[in-house]
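New to this one? Take a moment to look it over, then read on for a quick tour.

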Amino acid sequence: MSANSDLEACIDWCRTNGSYVDDRIVFKLTEKVGITAVASEAISTKKPLISIPKKLLITNEVAMKHFDITEPVVSRGNPNVLGQLLTAKLKFGSDEECFHRPYIRILPLKLDQPYFWSADQLEILKGTDLHLMLRQNLAKMASEWIDVLEFLKLKPNDMQFYNKLKSSQDIDILSLFLSMNEISIGTSWLSFPAYVWATSIFNSRAFPEIIMNSQTSNINQAFLYPIVDLLNHKNDTKVKWVFENDEVSFISLESLKKSEEIFNSYGDKSNEELLLNYGFVQENNANDFTRLSLKLEKQMLDNASSFGIDIKDHIVADDCVQFKLTNEQPLPDSLLEMFNFLCKLKSESQLTLRGALEGQDELHEILIQKVDFFKKRSKINRPLAASTDLIATIKQYLNSDRRIYNNSLEALQKLQKQTMRKNAISMTSFKTIFKNDKEFANSLLIAFGIANFEDFAKQGCMREALLLWIVRVANKDSYPRKLSYAPPRYIYDCFQEVNRSIVIQKEDVMEFMSFYKKLFPNLSKKIPETFDVGNWGIRQFIVADNVMDRLVWTRKQTQEPYFILQNKI
Ligand SMILES: C[S@@+](CC[C@H](N)C(=O)[O-])C[C@H]1O[C@@H](n2cnc3c(N)ncnc32)[C@H](O)[C@@H]1O
């Protein structure tokens, strides 16, 4: 039988068994998206367009009856393992007489989900969360498959493979799966690929049991729903599924014009969920999101939590915290707080403006890497054996992730500018200091040949200049004349505070020795009016280095250092 006659036979089978399918719906087989449903004339009704009696559905009850068991089987939280195994059996087994045969025949053998892509095609996804999920999901499916076969005391088709799966924790499940034979009608129903196929059928076409039974014990319990599962998905389509008189009905709340496709809604799914579970993505998907995962030591995550950073709901493993990024919310507060926390100094008891700005820089770096990665990947600049549709899907997926990271990046750049503007009163740029403290600038011209601020970066002596200036501030009262430029008070105060509390070890002195010897006593001899007034000993520089840690933030984008008042953010 051809695919078209299979489709007709399935609709006939449904109608013969008491289903209602509105005559104005025409089902067509298309090259691009498989079967579609189209309105043959305008349809605008709140009445069901399709009603299917319960006896035609493949439910967990049907599966339990088929395998003759009385208790439901749940493996790794999945209550559909039995239904999935039954679907594999009906598709690949030899039971020609089975009641659901006309429905099973139209379930496509070839699925678009990435589980069924070639190694070469999957290579492009390497490094994405989707690739990771693929592995995790396959490992989960393998455990479920082992569990359900064991429970039913069924012998797998390939004992060697089964034992390998069972005995080894760290097998590369993805490579192993890719090396297995492709799905064909000759596939054994007791094989792992048949189970993966059936899982993908459930993932892409099953409906929640809760439609029929609001008391269902497991929210993930699902059933296969002939005919209605032929409808494709469109975001925000208004539909209703109702259970009445022992039949499940599909109602479209849309006003459909003649020749328009009748869509269902699979729910608010991101492109990653759509690709993984359905094998397609939606352009400009309003439900799209991506993630930013940070691998950190468990202790660090515990510390962040007890400090009050709101990450409890984002911790996905002992050593991993994950933030959801969406186009609406590209920069969650908890993510920014976490980066601020990561930049907190031991000497700080609270989150500071300096930490916030430094955290923004760190996050900026990560987002730049993400955007670059997705940009490079989406170019696909090597020959790839794949249909143009698949290549377009891969590109769309990569671009939609890149777009979110890019939005986050732009939002972050804006936020940093805002933060700086809002806190301008608490920040002093070293560039401004250099411009205003003329005497200091002149001394640097003599000492290092620094003629303008940009020369610091060119000569790599920004740190020396900062330390010298901090020590100059500490000595401010020793100069015969008041400094022409009055340095912010908090810099002087911070120096005094560190000076009082610091315990200097021999190692600190050793560490600073070569730096110090490079500058002194030369500088005090060459420019005594600046560098031989007050105390210019090595201890002063060790203290200044500490002050720098506490007060100075160097903006990554411009390499410009700022002194920042230590205020709470
Ligand atoms: C529930 S089935 C819908 C019927 C399907 N067209 C068929 O031929 O059986 C879900 C599958 O249809 C396809 N599909 C549904 N909506 C789609 C869309 N908006 N764009 C592309 N493919 C879609 C995907 O292959 C998906 O896995």
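## The nonpolar cores

Let's start on the inside of this predicted model. The largest nonpolar core has 95 residues, and the ones touching the most other members are Ile52 and Tyr195. Helix H9 is the top contributor to this core, giving 8 residues. There's also a second, separate core of 36 residues, with Leu353, Ala474, Phe531 and Ala544 among its members. As a bit of background, nonpolar side chains tend to be buried together in soluble globular proteins.

Now zoom in on Ile52. Which residues is isoleucine 52 in contact with, leaving aside its neighbours within four places in sequence? They are Cys14, Ser19, Leu57, Tyr225, Pro226, Ile227, Val228, Glu247 and Val248.

## Stepping back to the whole chain

The domain assignment splits the protein chain into four pieces: domain 1 (1–56 + 225–267), domain 2 (58–224), domain 3 (289–422) and domain 4 (428–564). Notice that domain 1 is written as two stretches, 1–56 and 225–267. Measuring from centre to centre over C-alpha atoms, domain 1 and domain 4 are 76 Å apart.

How does the chain fill space? Its C-alpha atoms take up a box of roughly 105 × 55 × 50 Å along the principal axes. The radius of gyration is 33 Å, whereas a compact globule of 569 residues would come out near 25 Å. Along the way, the chain forms 23 helices and 16 strands.

Of the 569 residues, 36% are buried. And if you take contacts between residues at least 6 apart in sequence, 68% of them join residues at least 24 apart.

## Around the ligand

Where does the ligand sit? It lies between domain 1 (1–56 + 225–267) and domain 2 (58–224), because both give residues to the shell around it. That shell has 15 residues, and the ones that come nearest are Gly34, Ile35, Asn232, Tyr278 and Phe280.

Strand S3 (34–39), helix H9 (192–205) and strand S7 (232–233) each provide at least two shell residues. So H9 turns up again here, after its 8 residues in the largest core. By type, the shell is made up of 6 nonpolar, 5 polar and 4 charged residues.

## A helix under cover

One last stop: helix H12, which spans residues 333–342. Which of its residues are buried? Leu335, Leu336, Glu337, Met338, Phe339 and Asn340 are. The elements covering them include two strands, S11 (289–295) and S13 (320–326), along with helices H11 (298–307) and H13 (353–379).

Methods
Residues numbered from 1 in each chain as written. Predicted model: local features only at pLDDT ≥ 70, side-chain atom pairs only at ≥ 80, totals over all residues. Domains from an automatic or database assignment. Helix = DSSP H or I, 4+ residues; strand = E, 2+ residues; numbered from the N terminus. Rg over C-alpha atoms; globule rule 2.2 N^0.38 Å. Buried ≥ 20, exposed ≤ 12 C-beta atoms within 10 Å, placed from the backbone. Contact = placed C-beta atoms within 7 Å. Near = placed C-beta within 6 Å. Nonpolar A, V, L, I, M, F, W, Y, C, P; charged D, E, K, R; others polar. Core = buried A, V, L, I, M, F, W, Y, C linked by C-beta atoms within 7 Å.
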